[in-house]
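Please open the model in a viewer and keep the sequence at hand. The tour proceeds by selection, with a short account of what is found at each stop.

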Amino acid sequence: KNNKVIIKNNELKLLSRVMLHPSEVFTEVKEKKSGSVLLGLILIILFYITSTIKETASGFLFKSPTNTGFNSFLVLMQSLGLVLLWTICNWAVCTLMSGKGKMREIFLVASYSVVPLIISNIVYTIASNVILESEAAFLSIFVTVMQLFMAYILIAGTLVIHDYGFAKFVGTTLLSAFGILVVIFLGIVIVILVQQLGNFVGTVYREIVFR
């Protein structure tokens with residue numbers, strides 16, 4: 001009768017079910033206001049950390065020969081940046097298309113969806129240092145399965161919180177992806193303009209002071 005409870009925290013219990021029962025988990029997020037934004041942020045940070053470790057500590061046999069350098073900013077944008085952009089763009093698009101999901105709920109779906117990727121990064125880093133190159137196919141299959149799990153969680157969660165059918169989900173996802181590309185493009189343009197403005201101001205300053 002004395003059942004041992006391994007996980008006592010309710011939010012961690014909810015997270016432990018997300019890979020196998022995402023629809024149930026996000027139904028609770030929607031209806032019972034369950035889920036933790038703080039835990040979501042921790043997951044994104046873990047995703048960034050494990051992605052960094054994967055890029056820098058994987059076995060040399062499994063590193064791409066073209067990967068001669070490590071860009072921490074790029075990894076940050078592919079983890080934290082992508083989750084935040086998806087949250088904002090999906091919220092903006094779905095608000096215009098009768099989506100019922102709130103920004104908090106969209107963020108929880110996106111952040112909880114990276115759990116399989118965190119597991120994948122850890123397993124890949126460890127396994128790539130101990131297995132042979134001839135066994136790489138098994139590791140690739142595992143990584144692909146984890147990526148499909150991530151997509152499954154994201155799709156199931158988005159369908160639940162927005163109360164969409166699959167066709168509408170596909171449409172809003174494409175629009176959200178387009179919105180992310182627009183934001184990235186505008187960000188690049190702004191960075192370039194700021195750099196050019198800085199160079200111009202520096203040139204004018206040097207002309208005035210040192211002439």
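Begin by selecting helix 2, residues 22–31, of this predicted model. Colour Pro22, Val25, Phe26 and Val29, which are buried. These residues lie on the same side of helix 2, because they cover an arc of only 85° around the axis. Next, display helix 1 (10–16), helix 5 (103–112) and helix 7 (136–162); the buried residues of helix 2 pack against these three elements. Then move past the end of helix 2 to Lys33, which follows the helix and has a positive phi, near 60°.

Return to helix 2 and select Glu28, which is placed within it. Which residues does Glu28 touch, not counting those up to four places away in sequence? They are Leu14, Arg17, Lys33 and Ser34, so that Lys33, the residue with positive phi after helix 2, appears again among the contacts of Glu28. Show the side chains of Glu28 and Arg17 as sticks: a polar contact of 2.9 Å joins them.

From Glu28, draw a distance to Ala177, 149 residues away along the chain; the C-alpha atoms are separated by 27 Å.

Now select helix 8, residues 166–210, and locate Val182 within it. Is Val182 buried or partly exposed? Val182 is partly exposed, because its relative accessible area is 33%, and buried would require under 20%. Finally, add Phe178, Phe185, Leu186, Val189, Ile190, Leu193 and Val194 to the selection. With Val182, these residues form a nonpolar patch on the surface, with about 760 Å² of accessible area together.

Notes
Residues numbered from 1 in each chain as written. Predicted model: local features only at pLDDT ≥ 70, side-chain atom pairs only at ≥ 80, totals over all residues. Heavy atoms only, no water. Buried < 20%, exposed > 50% of the residue type's maximum accessible area, 1.4 Å probe, protein only. Helix = DSSP H or I, 4+ residues; strand = E, 2+ residues; numbered from the N terminus. Arc of directions from axis to C-beta. Contact = heavy atoms within 4.5 Å. Polar contact = N/O pair within 3.5 Å; in protein donor to acceptor, adjacent residues only side chain to side chain. Patch = residues over 30% accessible without salt bridge, like charges linked within 9 Å, V, L, I, M, F, W, Y side chains within 5 Å. Areas by Shrake-Rupley, 256 points an atom, 1.4 Å probe, with all protein chains shown as cover. Salt bridge = Lys/Arg side-chain N within 4 Å of Asp/Glu carboxyl O.
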